[in-house]
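Colleague: Please take a close look at the contact between the chains, and then at the parts around that contact. I would like it in one connected account, with the cut-offs stated.

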There are 2 protein chains.
Amino acid sequence: MAVYTEVADDELAGFVAEYDIGAVVSCKGIAEGVENTNYLLQTDQDSYILTLYEKRVNPDELPFFIGLMEHLAERGLACPTPLHGRDGRALRILCERPAAIVSFLKGMSIRRPTLTHCAALGPAMAEMHLKGADFPLTRRNNLSVAGWRPLFEAIRPRAAEIKDDLADLIAAELDHLETHWPENLPVGLIHADLFPDNVFFLADKVAGGDRMSGLIDFYFACTDILAYDIAICLNAWCFETDGAFNATKARLLLNGYRRVRPLSADELCALPLLARGAAMRFLLTRSYDWLNTPAGALVKRKDPLEYYRKLRFHQGVGGPGEYGLE
Amino acid sequence: MAVYTEVADDELAGFVAEYDIGAVVSCKGIAEGVENTNYLLQTDQDSYILTLYEKRVNPDELPFFIGLMEHLAERGLACPTPLHGRDGRALRILCERPAAIVSFLKGMSIRRPTLTHCAALGPAMAEMHLKGADFPLTRRNNLSVAGWRPLFEAIRPRAAEIKDDLADLIAAELDHLETHWPENLPVGLIHADLFPDNVFFLADKVAGGDRMSGLIDFYFACTDILAYDIAICLNAWCFETDGAFNATKARLLLNGYRRVRPLSADELCALPLLARGAAMRFLLTRSYDWLNTPAGALVKRKDPLEYYRKLRFHQGVGGPGEYGLE
């Protein structure tokens, strides 16, 4: 959520001249995305997002992310599309960093998703899974089950600073997840970070509510169990701010998804376990960030205990019926 | 240069509904201005800047700043214009802070001003001085000569952390400035912070260069000696990055100014002293910020010694001829 790299007027002019997008009218650093520097670039033709990829993004993985956005946009998914320069390239160098210009997506993220928003998320996610199915590149999910134990070892010595019994809970849960993690569920392209921040909506006066305008921030996208993407969203969209799980939101999300991409019985049965895994993933990364980010730093720390509580909730779930399904 | 206050979608929608500017299409926090939170707001009608005034702005002074922008824009100066809501008010409350929407000014600031940019600055500043002359409100300049000694006392105990002889230089210079500060020069509305950051230019393909598109950030504006505004710009625009003073830039700036608002002999003769004062002002505030901003903080610290060197330069100036004037 910060502008790490300042792009000066002269460097920008040279960069933009590589594209067929007209002359620069304005360019403002924006607070969007956690990992990269983003500018809202306006030319006399249109608005665009200019992204400079900072240290935490592996340059070797950029062709995957850029190619994926292009693949999905070509198939009609509402998401940013990378622009190609006159030389055909979508990725080039600006201020010594890899950089790309993508199309500007109208809309805003929703702070408190309602039933309507959850209902709209399901079909959009399913559509993304279907349209990503023939994307030829793959990327391992470093933050799935195999990556959790090393993260746990990194936070273990100081876990009690967050909560007394945090290390015990994680240790027991990791044993369970590693033993029972499903191996035969459909795998494909997942977003892996489809939080409300990354889904844009636009007020629709005709319909009298919000309609989804697109998905953004594909920089955690990877190849993994499709239903795991749903599990991440159950955690990110279906809990109220007081910590209560809202089964109606979950039902709308799941049924919206199933209308576009039906879920098998195996996928449905695995949901509680996948939701525990998804809670573990964010509990671990938030704990790590909590312990390793100075309190006054640029990035706002997110509360790990939110995911401790979500994990505890899913541990008590007996079956997918508790997510509102018949 | 930071988004201090996050405005959520629902709060924004309610706020924008108070204006006749259409429906929100996007709203991005932007890194502009040091003191406030700014959003680039796009509606289905146009682009705007939404500003939330943070702690460092005194709410009692907002009517001055808002009124001034409106006054100048009405008289045709290219600068942001505050929008009035349906209730006629330009200032209201958002997220418990005073907030206003102003018009969006196309253009970008220039990192390294050239002769052309300096030549364009002069007439724009003079035009602002003329158009501000009948602005009915006044605001004391807290950062002029009377405000420097208290700032010096605040940094004095730790001044040596910046430079060995800093306290001695400032002490002697303050005595000189307080004794010789001019009292009979024309006074009026000045910008008081007209750095290259606050002047926008647009590439002009017809003219084959940049043309000025407007002035922004009036939150240091005040009532003070008009030529002091020029002196601030001599420091901010006419030194090269290696510290050398560029008399050609100064001449273009001054002559551009004089074509629109002639300078009296007294004003010209006072320029070297005013430039010393302007250098003192930024040497003091930058030193204060340097000593009181943690190294890892959100705001980038600016080098106080840049203004130490500028002050030393002007101390050696014999008369306005050294600023390129005949």
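Modeller: A turn of 180° and a shift of 0.1 Å along the axis lay chain A on chain B with an RMSD of 0.0 Å; the superposition is by least squares on the C-alpha atoms of residues with pLDDT of at least 70 in both copies. The two copies are thus related as by a two-fold rotation axis. The residue of chain A that comes closest to this axis is A:I30, whose C-alpha lies at 2.2 Å.

This is a predicted model, in which local features need pLDDT of at least 70 and side-chain atom pairs count only at pLDDT 80 or more, while totals for chains, interfaces and linings use all residues. Residues are numbered from 1 along each chain as its sequence is written, and chains are lettered from A and ligands numbered from 1 in the order in which they are written.

Now the contact itself. On chain A, 29 residues are in contact with 29 residues of chain B, where contact means that the C-beta atoms of two residues, placed from the backbone, lie within 7 Å. On the side of chain A that touches chain B, the elements giving two or more residues are α1 (9–16), β1 (24–30), β6 and β8. Helices (H or I, at least four residues) and strands (E, at least two) are DSSP runs, numbered from the N terminus. β1(A) gives the most to this side, with seven residues. By class, the side holds 17 nonpolar, five polar and seven charged residues; Ala, Val, Leu, Ile, Met, Phe, Trp, Tyr, Cys and Pro count as nonpolar, Asp, Glu, Lys and Arg as charged, and the others, Gly among them, as polar. The copies meet through the same surface, because 100% of the interface residues of chain A are also interface residues in chain B.

Next, the strands around β1. β1(A) pairs with β2(A) in the antiparallel sense over six bridges; pairing requires that DSSP finds at least two bridges between the strands. Within this pair, A:I30, the residue noted above at 2.2 Å from the axis, stands opposite A:N38 in β2(A). Strand β2 (residues 37–43) of chain A is mostly covered, with six of its seven residues buried, that is, with 20 or more other C-beta atoms within 10 Å of their own (12 or fewer would be exposed, and anything in between partly exposed; C-beta atoms are placed from the backbone). β2(A) is also joined by six bridges, again antiparallel, to strand β3 (residues 47–52) of chain A. A:L41 stands opposite A:Y48 in β3(A), and three residues lie between β2(A) and β3(A) in the hairpin that they form.

In chain B, six of the seven residues of strand β1 (residues 24–30) are buried, so this strand is largely enclosed by the rest of the structure. β1(B) pairs antiparallel with strand β2 (residues 37–43) of chain B over six bridges, and there B:V24 stands opposite B:T43.

The other strands that chain A gives to the contact, β6 and β8, belong to an open antiparallel sheet of three strands in the order β6-β8-β9. Its edge strands, each pairing on one side only, are β6 (108–109) and β9 (209–215). Two bridges pair β6(A) with strand β8 (residues 199–204) of chain A, and A:S109 has A:F200 as its bridge partner in β8(A).

Last, the two domains of chain A. An automatic or database domain assignment sets the bounds, giving domain 1 (9–103) and domain 2 (108–323). Their centres, taken over C-alpha atoms, are 27 Å apart, and 17 residues of domain 1 are in contact with 17 of domain 2. The domain 1 side consists of eleven nonpolar, three polar and three charged residues.

A:C79 is placed in the loop between α2 (62–74) and β4 (92–94) of chain A. This cysteine counts as buried because 25 other C-beta atoms lie within 10 Å. A:C79 and A:L215 are 136 residues apart along the chain, yet their C-alpha atoms are separated by 5.1 Å. Leaving aside neighbours within four places in sequence, the contacts of A:C79 are A:M69, A:L72, A:A73, A:G214, A:L215 and A:I216.
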